[in-house]
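Reader: I am a first-year student and would be grateful for a close look at the aromatic pairs in this protein. Please set them in the context of the whole chain before turning to the rings themselves.

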Amino acid sequence: MSYPPPAGQPQPDSPGQPQAAGAYPPPANYPAADAYAQGQVGYQPSQQIPNVPDAPKRPWNVTLVAIIAFLVGLIDVAGGVAALLFRNERQLQIESGLSATNIAISGGLFLIIGAVILLLSFVLFGGSRLSRGVIAFFAVLRIAIAVIGLVLATSMNARGIFIADIAFSTIVLLLLFAGARTKAFFARG
């Protein structure tokens, strides 16, 4: 024996009863059946669905900074490994103005910083504000280290490398924070 559903719930249609108003398709003996079959009656939305704003597309400068960050991370990892391997080379000590211990410490720091930058460069593509801030912090840190290295360096080659690093890090900072599209892209992430 089946029981009828509780009050307030849809009731099953009994044979011989008219269908509920608004049910589609209407029964064949219903006057609007012909209009429904001809496509004259159908779904009419009562209101427009609001447009959902598209997520801002990644600006070209963010893509460029992410690629640059990846390359800088690779270079830092390679430079850190090289500094650790060749810290006892006398020529390196003379040109950098650092002892073997200081070269090893610098190499270890560059290795760690490079690994972090490598990981963050992938997250930067998605618009992460955290990765943007950390990469900006490391760019400022690179500028500070390059200024110290510029003062301590004894050869023109080393000074040229430090000047290039200052210029390069400044460009990265400018690209990370340039323009309204960049701001909107990182605001959503």
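Author: The surface that the protein exposes comes to about 13,000 Å², and carbon and sulfur atoms supply 67% of that area. These values are computed from a predicted model. Of the 189 residues in the protein, 27% are buried. The protein contains seven helices and zero strands, and its pattern along the sequence reads α-α-α-α-α-α-α. When contacts between residues at least 6 apart in sequence are considered, 64% of them join residues at least 24 apart.

With that setting in place, the aromatic rings can be examined. A pair of aromatic rings is described by two quantities, namely the distance of the centres and the angle of the planes. Rings are paired if their centres lie within 6.5 Å, and by this rule the protein has three aromatic pairs. One of them is formed by Phe70 and Phe122, whose ring centres are 5.6 Å apart and whose planes meet at 65°. Planes over 60 degrees apart count as edge-to-face, and the pair of Phe70 and Phe122 is therefore edge-to-face.

Where do Phe70 and Phe122 lie? Phe70 belongs to helix H2, while Phe122 belongs to helix H4, which covers residues 100-124. The pair thus ties together parts that are 52 residues apart in sequence. As for accessibility, Phe70 has a relative value of 29% and counts as partly exposed. Phe122, with a relative accessible area of 54%, is exposed.

Another of the pairs is made by Phe137 and Phe138. Here the distance is 5.6 Å centre to centre, and the angle between the planes is 55°, which gives a tilted pair. Are these two residues buried or exposed? Phe137 counts as exposed, at 52% relative accessibility. Phe138 is buried, because its relative accessible area is 12% and the term applies under 20%.

Helix H2, which holds Phe70, deserves one further remark. This helix spans residues 60-85, and Leu85 lies in it. Leu85 is exposed, with a relative accessible area of 64%. Together with Val81, Phe86 and Leu92, Leu85 makes a nonpolar surface patch of about 360 Å². Helix H2 therefore holds both Phe70, a member of the edge-to-face pair, and Leu85, a member of the nonpolar patch.

Note on methods: Residues are numbered from 1 along each chain as its sequence is written. This is a predicted model: local features need pLDDT of at least 70, side-chain atom pairs count only at pLDDT 80 or more; totals for chains, interfaces and linings use all residues. Side-chain values use heavy atoms; hydrogens and water are left out. Patches are made of residues with over 30% relative accessible area and no salt bridge: like charges are joined within 9 Å, nonpolar side chains (Val, Leu, Ile, Met, Phe, Trp, Tyr) within 5 Å. Accessible areas come from the Shrake-Rupley method with a 1.4 Å probe; for residues, only the protein chains shown count as cover. A salt bridge is a side-chain nitrogen of Lys or Arg within 4 Å of a carboxyl oxygen of Asp or Glu. Helices (H or I, at least four residues) and strands (E, at least two) are DSSP runs, numbered from the N terminus. Buried means under 20% relative accessible area, exposed over 50%, partly exposed in between (1.4 Å probe, protein chains only). Rings of Phe, Tyr and Trp (its six-membered ring) pair if their centres lie within 6.5 Å; planes under 30 degrees apart count as stacked, over 60 as edge-to-face and the rest as tilted. Contact means heavy atoms within 4.5 Å.
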